[in-house]
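My notebook is open and I'm starting a new page. Let me pull up the sequence and the model before I write anything down.

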Amino acid sequence: KIMMARFGAVVVVFIILCSSYGILAFSVTTSRPWPTSFYQNAISKSQSNHDRKRHSAELFLSSADDESSQQAEPQLPDFTREDTLLKVHFVTKPNVSLEDAVQALSKFSQSFPFAAVLPVQPLQYLPTDDGGVEIKFLRKKTDIKSGIDGGIRFFLEQESANNSDDSNNQQQLHKLEITAKRNSVGQTIRKIMSEKLVVTSFVAALTQTDKPSPLDDNLDVVSMFHKWM
């Protein structure tokens with residue numbers, strides 16, 4: 001009986017071991033790797049998605065570069081379409097040459113202290129080839145806006161006119177004109193107060209009588225108009 005019991009226990013253990021190895025063998029033989037085509041398809045899909053995203057990024061960057069290049073291109077003002085802020089007509093005094101009159105008026109305009117008139121507003125003013133002045137209002141440059149916030153352009157123009165005060169001695173007088181035009185290029189908000197201070201201060205310096213002016217010996221003011229009269 002004891003032998004039979006031991007034999008039965010061995011048989012049971014053997015059966016258990018065989019069944020266990022069978023399961024393991026079955027699990028090993030059935031747990032096959034994924035087909036190679038599956039990995040190839042997955043890799044190709046991932047690569048196509050990556051290429052599509054990279055193409056979209058390149059298109060976005062190229063469009064951004066185009067916009068930035070367009071913004072970087074300087075815009076030139078069309079003064080024929082801009083508002084006239086000031087117009088002053090002058091006539092030379094007798095025996096004053098056109099060159100002396102132009103030099104005196106140009107010196108007066110280009111030496112005027114525009115920065116002192118607007119101590120808070122950053123600006124830059126430069127002489128121009130025609131004897132006038134170009135004023136640029138400045139601001140902080142950003143990715144969207146340039147550093148120029150419009151300005152004012154003073155033009156100096158001239159024309160000749162013959163006037164005779166003596167029938168035997170004909171004198172040649174010359175007419176000069178200063179015109180101030182608004183430069184609205186780059187402006188998002190009109191600089192009306194700054195323009196008013198510049199123009200009215202310039203007019204006050206032209207018409208002052210308590211201090212000598214380089215224009216006193218060369219030119220007389222014939223007429224004047226400005227936007228805030």
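Below are my entries on confidence, one hairpin and one residue.

**Ground rules.** I'm working with a predicted model, where local features need pLDDT of at least 70, side-chain atom pairs count only at pLDDT 80 or more, and totals for chains, interfaces and linings use all residues. Residues are numbered from 1 along each chain as its sequence is written, and side-chain values use heavy atoms, with hydrogens and water left out.

**Confidence.** I looked up pLDDT (the predictor's confidence in each residue, from 0 to 100). The protein chain averages 77, and 62% of its residues score at least 70. Among its elements (helices are DSSP runs of H or I, at least four residues; strands are runs of E, at least two; numbered from the N terminus), strand 1 has the highest mean, 95, and helix 2 (residues 36-72) the lowest, 53. Residues 23-31 stay under 50, with zero contacts (heavy atoms within 4.5 Å) beyond four places in sequence.

**Hairpin.** I found strand 2 (residues 123-127) pairing with strand 3 (pairing takes at least two DSSP bridges) in the antiparallel sense, over five bridges. Proline 127 has valine 133 as its bridge partner. Five residues sit between the two strands, and glycine 131 in that turn has a positive phi of about 90 degrees.

**Strand 3 faces.** Val133, Ile135 and Phe137 point to one face and are buried (under 20% relative accessible area; exposed is over 50%, partly exposed in between; 1.4 Å probe, protein chains only). Glu134, Lys136 and Leu138 point to the other face and aren't buried.

**Threonine 92.** I placed threonine 92 in strand 1 (residues 84-92). Threonine 92 counts as buried because its relative accessibility is 2%. Leaving out residues up to four places away in sequence, threonine 92 touches Ala101, Leu173, His174, Asn218 and Leu219.
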